Amino acid sequence: MKKVLIIVITDKHVMPRCYNSLLEQDYPNFLVSVVAKRPVFQHSDTTKLKYLNCVDNRNEARRMFLGSDSDYCLFVDSDIVLPKNALSLLMSHGKDVMGGWYQEINSDRWVAGRWIADNTFFNFRQIQPSVVKTDVVGMGCALVSRKVLEQVSFKPAIDVILKDESGVSLILGECGAFGNDVAEMGFNLYMDGSVVCEHLIRN
């Protein structure tokens with residue numbers, strides 16, 4: 001049976017409901033690690049600052065994973081609550097990149113979507129049934145194979161600006177950059193409609 005390393009990244013602490021949801025996973029072969037790394041970058045734009053420090057943390061997690069004997073890494077953000085069968089479901093498909101669904105905070109957008117035109121991105125507004133191919137998965141709940149992580153690292157992409165379907169400007173960010181790099185390496189990305197996570201609001 002394939003071994004999974006679940007890695008939670010944070011700059012402060014892991015929310016208790018997040019951590020408990022990891023320990024309750026019904027998949028029989030996994031370990032949980034927490035990468036707690038204080039912010040090292042400074043930037044006047046708080047959104048860009050978040051991306052810079054998050055990517056630094058995520059690349060540290062990648063290095064940890066590549067030094068392990070695990071076959072897959074499940075990246076989980078410290079404010080995401082997984083259903084108990086999330087890991088079993090994500091692993092059951094045998095894909096190199098498989099994401100679970102969760103919404104942006106205070107938004108109807110799901111953190112996944114597709115390119116619909118040149119430099120124009122569409123975030124899903126509702127969960128797609130079953131398993132669907134996508135261009136971006138949210139790294140807050142993303143299962144990634146060793147094959148992918150050996151070839152692809154994380155980039156903040158804070159200076160890459162795109163548009164949503166309404167013409168609003170967006171930053172590409174780490175999830176978009178990772179999706180693009182994975183596709184360029186010849187891998188596909190998928191979302192599992194049966195894995196729906198809760199995104200907690202931090203106090």
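## Loops, cores and salt bridges in a predicted model

Asn106 sits in the loop between β5 and β6. The model is a predicted one. Asn106 is exposed, at a relative accessible area of 75%. Its phi is near 55°, a positive value in a residue other than glycine. Asn119 also has a positive phi, of about 65°, and is not a glycine. This residue belongs to the loop between β6 and β7. Its relative accessibility is 35%, so Asn119 counts as partly exposed.

### Helix α1

Which residues of helix α1 are buried? In this helix, residues 16-23, they are Cys18, Ser21 and Leu22. Viewed down the axis of α1, the buried residues fall within an arc of 100°, so they line one face of the helix. Their cover includes four strands: β1 (4-10), β2 (30-36), β3 (72-77) and β4 (80-81).

Leu23 is also part of helix α1. Its relative accessible area is 48%, which makes Leu23 partly exposed. Leu23 joins Tyr19 and Val34 in a nonpolar patch on the surface. Together the three have about 240 Å² of accessible area.

### Nonpolar cores

The largest nonpolar core has 36 residues. Met139, Val144 and Phe178 have the most contacts inside this core. Apart from it lies another core, of 28 residues. Val8, Val76, Leu82 and Leu200 are among its members.

What does Met139 touch, not counting residues up to four places away in sequence? Its partners include Phe75, Val76, Tyr102, Val144, Phe154, Cys175 and Phe178. Arg58, Asp77 and Glu174 are among its partners too. Those three charged residues are themselves linked in a network of salt bridges.

### Salt bridges

How many salt bridges does a search of the whole structure find? There are 10. Three pairs are set out here.

| Pair | Closest N to O | Separation in sequence |
|---|---|---|
| Asp96 and Lys147 | 3.7 Å | 51 residues |
| Arg109 and Asp164 | 2.6 Å | 55 residues |
| Glu165 and Arg125 | 2.6 Å | 40 residues |

The side chains of Asp96 and Lys147 meet in a salt bridge. Asp96 lies in the loop between α3 (86-92) and β5 (97-101), and Lys147 in helix α4 (residues 146-149), so the pair ties together parts that are 51 residues apart in sequence. Asp96 is buried, at 19% relative accessible area. Lys147 is partly exposed, at 47%.

Arg109 forms a salt bridge with Asp164. The pair links distant parts of the chain. Arg109 is in the loop between β5 and β6 (112-117), while Asp164 is in strand β11 (residues 161-164). Are these two residues buried or exposed? Arg109 is buried, with a relative accessible area of 15%. Asp164 is buried as well, at 3% relative accessibility.

Glu165 forms a salt bridge with Arg125. Here too, distant parts of the chain are linked. Glu165 lies in the loop between β11 and β12 (169-171). Arg125 lies in the loop between β7 (120-123) and β8 (131-134). Glu165 counts as partly exposed, at 31% relative accessibility. Arg125 is partly exposed, with a relative accessible area of 30%.

### Two buried polar residues

Ser145 is placed in strand β10 (residues 141-145). At 3% relative accessibility, this serine counts as buried. Which residues is Ser145 in contact with, leaving aside its neighbours within four places in sequence? They are Asp71, Tyr72 and Asp96. Asp96 is the residue whose side chain meets that of Lys147 in a salt bridge. Ser145 and Glu24 are 121 residues apart along the chain, and their C-alpha atoms are separated by 22 Å.

Asp181 is found in helix α5 (residues 173-184). Its relative accessible area is 15%; the cut-off for buried is under 20%, so Asp181 is buried. Neighbours within four places in sequence aside, Asp181 is in contact with Val152, Ser153 and Lys155.

How values were computed: Residues numbered from 1 in each chain as written. Predicted model: local features only at pLDDT ≥ 70, side-chain atom pairs only at ≥ 80, totals over all residues. Heavy atoms only, no water. Buried < 20%, exposed > 50% of the residue type's maximum accessible area, 1.4 Å probe, protein only. Helix = DSSP H or I, 4+ residues; strand = E, 2+ residues; numbered from the N terminus. Arc of directions from axis to C-beta. Contact = heavy atoms within 4.5 Å. Core = buried A, V, L, I, M, F, W, Y, C linked by side-chain atoms within 4.5 Å. Patch = residues over 30% accessible without salt bridge, like charges linked within 9 Å, V, L, I, M, F, W, Y side chains within 5 Å. Areas by Shrake-Rupley, 256 points an atom, 1.4 Å probe, with all protein chains shown as cover. Salt bridge = Lys/Arg side-chain N within 4 Å of Asp/Glu carboxyl O.
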